[in-house]
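Thanks for asking me to look this one over. Here are my notes, with the model in between so you can follow along.

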Amino acid sequence: MGYLRIENLSKHYGQKQALRDFSACFTAGIYALLGPNGAGKSTLMNIITRNVCPDSGGTITWNGTEIVRLGTEYLAKIGYMPQQQGLYNNFTAYRFLGYMASLKGLKRREAALEIPRALELVELTDVAAKRIGGFSGGMKQRLLIAQAILGKPEIVILDEPTAGLDPKQRVRIRSLIQSLAEDKIVIVSTHIVSDVESIADQVLLLKDGVLAAQGAVEELAACLPVGCPPTLENIYMQYFGDEGEAPC
Ligand SMILES: Nc1ncnc2c1ncn2[C@@H]1O[C@H](COP(=O)(O)OP(=O)(O)OP(=O)(O)O)[C@@H](O)[C@H]1O
């Protein structure tokens with residue numbers, strides 16, 4: 001299992017600085033990127049997946065080699081579920097995954113093994129031949145996770161995988177994420193604290209493009225006032241609450 005190291009990464013969109021001097025190192029486990037709207041979560045994920053170019057100066061390395069030098073070898077290690085996604089409503093789940101597998105460059109024989117494996121993992125085997133247009137929001141999200149894990153990527157990036165889902169579906173996605181992470185780096189962005197509180201090995205709190213804190217929930221709880229319950233919600237309020245909105 002490899003490691004992904006990010007050092008001093010920044011990103012400007014015109015005058016707007018979306019990410020400031022971000023550094024972190026990721027090994028196998030679940031990393032929750034937490035922060036309010038506009039904190040820079042998607043920007044960071046888009047940079048890691050090479051969909052967006054960072055400002056010059058920072059580096060991203062995979063096992064010590066700069067990812068720009070690894071080229072497609074690096075991209076093959078990435079599974080990505082973007083935040084905004086169009087699904088092909090007329091496609092069946094199986095056909096959609098077949099299409100995604102071909103975009104990822106999987107060989108036909110490999111795809112024939114990988115698609116059933118991914119469908120099984122996200123519990124969509126029974127509806128593989130059904131059109132996506134008839135799927136619930138939760139089923140669509142699970143299908144998008146399935147496409148992200150085709151080809152057994154070592155780094156899985158999920159941008160708000162529970163957006164718009166009801167609590168029952170959110171719990172389902174949460175257990176699914178947990179089952180993925182045994183031998184992978186899984187980076188999940190969300191602003192829903194309860195989605196990651198019990199599953200994240202590390203929480204990264206992003207505020208205005210700055211990594212305000214990183215650690216396990218228990219470690220981050222050290223910042224709370226004495227007597228304040230050590231929950232991620234309280235930690236979130238401590239960092240992101242408005243003035244006078246102390247967590248306890
Ligand atoms: N393509 C772009 N052009 C201009 N500004 C952008 C662009 N993408 C992001 N931004 C700005 O950069 C900042 C960070 O945005 P980003 O989407 O990374 O935040 P986020 O934490 O993912 O937010 P959300 O939770 O709403 O998705 C925001 O102020 C956003 O308006």
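The points below go through the ligand shell, the sheet and two of the helices.

1. A reminder to begin with: this is a predicted model.

2. Let's start at the ligand. It is surrounded by 13 residues, and the closest are Tyr13, Ala18, Asn37, Ser42 and Thr43. Two elements, β2 (16-26) and α1 (41-48), each give two or more residues to this shell. The largest share is that of α1, with three residues. By character, the shell has eight polar residues, three nonpolar and two charged.

3. Next, the sheet. It is open and antiparallel, with four strands in the order β2-β1-β4-β5. β2 and β5 (65-66) are at the edges with a single partner strand each, so one side of each has no neighbour in the sheet. At the β5 end, two antiparallel bridges join β5 to β4 (residues 59-62); tryptophan 62 has threonine 65 of β5 as its bridge partner.

4. Now back to α1. This helix lies across β1 (4-13), β2 and β4, and runs at about 60° to β2.

5. Finally, have a look at α4 (residues 93-103) and α5 (residues 108-121). Their axes come within 10 Å and cross at roughly 130°, and the two helices are therefore oblique to each other. The crossing is right-handed. On the α4 side the contact is made by Ala93, Tyr94, Leu97, Gly98 and Ala101, and on the α5 side by Ala111, Glu114, Ile115, Ala118 and Leu119. Eight of these contact residues are nonpolar, one is polar and one is charged.

Technical notes
Residues are numbered from 1 along each chain as its sequence is written. This is a predicted model: local features need pLDDT of at least 70, side-chain atom pairs count only at pLDDT 80 or more; totals for chains, interfaces and linings use all residues. A residue is near a molecule or strand if its C-beta atom, placed from the backbone, lies within 6 Å of it. Ala, Val, Leu, Ile, Met, Phe, Trp, Tyr, Cys and Pro count as nonpolar, Asp, Glu, Lys and Arg as charged, and the others, Gly among them, as polar. Two strands pair if DSSP finds at least two bridges between them. Two residues are in contact if their C-beta atoms, placed from the backbone, lie within 7 Å. Axes are lines fitted to C-alpha atoms, for helices over the stretch in contact, and angles run from 0 to 180 degrees between N-to-C directions. Angles under 35 degrees count as roughly parallel, over 145 as roughly antiparallel, 65 to 115 as roughly perpendicular and the rest as oblique. A crossing is left-handed if the near helix is turned anticlockwise from the far one by less than a right angle, and right-handed if clockwise.
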